[in-house]
Amino acid sequence: MRVFDVSPSARGPLAFEVSSGLGRRRAARVVESIPGAQLLRRPKWIARLDQEVFCEFELDGQRFNIWEPQGGGRYWIGPNSGKKTPVLLRIRQAFVEHKLPARRGLAGWIKDLKGSP
């Protein structure tokens, strides 16, 4: 998956962004796949439109948020404290390595209905 670093200086990212096409639940599942990560708040089934922060988690004693700024097409992932941390690189790598499922569209759905090999 492609990530976009939020880096005000050249000393490494403060946060990073991923496409919101990933989906809120799948973003939380990527976090769950990181060894040692603990989800503190999961995305709700029916989220309020004004709820920007939809996931909170902890890794190595540090808290992180995943949120979607109003009108944004990307999810922002970074520390609660707003300070740079090397732990962020582990989280970033998990998102880089995550493979999105292939989009099959209507043709794939019809093929499944027909039972074609």
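I count a contact when heavy atoms lie within 4.5 Å. The model I am reading is predicted.

**Entry 1: Val18**

I started with Val18 and listed its contacts, leaving out residues up to four places away in sequence. Val18 touches Met1, Arg2 and Val3. It also touches Gly73, Arg74, Tyr75 and Ile77. Phe95 completes the list.

**Entry 2: the core**

Next I looked up the largest nonpolar core. It holds 23 residues. Val18 is among the members that touch the most others, together with Phe16, Phe57, Ile66, Ile77, Ile91 and Phe95. I then asked which elements each supply at least two residues of this core. They are the strands β2 (15-19), β4 (53-59), β5 (62-67) and β6 (74-79), plus the helices α1 (24-32) and α2 (87-97). Helix α2 gives the largest share, with 5 residues.

**Entry 3: partners of β2**

I followed β2 to its neighbours. Strand β1 (residues 4-6) pairs with β2 in the antiparallel sense, over 3 bridges. Within that pairing I noted Phe4, whose bridge partner in β2 is Glu17. β2 also runs antiparallel to β6, and 4 bridges join the two. Here Phe16 stands opposite Ile77 in β6. Both Phe16 and Ile77 were on my list of core residues that touch the most other members.

**Entry 4: salt bridges**

I found 8 salt bridges in the structure. I looked at three of them.

Arg24 and Glu68 form one, with the closest N and O atoms 3.2 Å apart. Arg24 sits in helix α1, and Glu68 lies in the loop between β5 and β6. The two are 44 residues apart, so I note a link between distant parts of the chain. Are Arg24 and Glu68 buried or exposed? Both are buried.

Arg42 and Glu32 form another, at 2.8 Å between the closest N and O atoms. Arg42 is in the loop between β3 (38-41) and β4, while Glu32 is in helix α1. They are 10 residues apart. Glu32 counts as partly exposed because its relative accessibility is 38%.

The third is Glu58 with Arg63, at 3.6 Å from N to O. I checked the accessibility of each side of this pair. Glu58 has a relative accessible area of 24%, so it is partly exposed. Arg63 is at 42% and therefore also counts as partly exposed. This pair belongs to a network: salt bridges with shared partners join Arg41, Glu56, Glu58 and Arg63.

Conventions: Residues are numbered from 1 along each chain as its sequence is written. This is a predicted model: local features need pLDDT of at least 70, side-chain atom pairs count only at pLDDT 80 or more; totals for chains, interfaces and linings use all residues. Side-chain values use heavy atoms; hydrogens and water are left out. A nonpolar core is a set of buried Ala, Val, Leu, Ile, Met, Phe, Trp, Tyr and Cys residues joined through side-chain atoms within 4.5 Å. Buried means under 20% relative accessible area, exposed over 50%, partly exposed in between (1.4 Å probe, protein chains only). Two strands pair if DSSP finds at least two bridges between them. A salt bridge is a side-chain nitrogen of Lys or Arg within 4 Å of a carboxyl oxygen of Asp or Glu.
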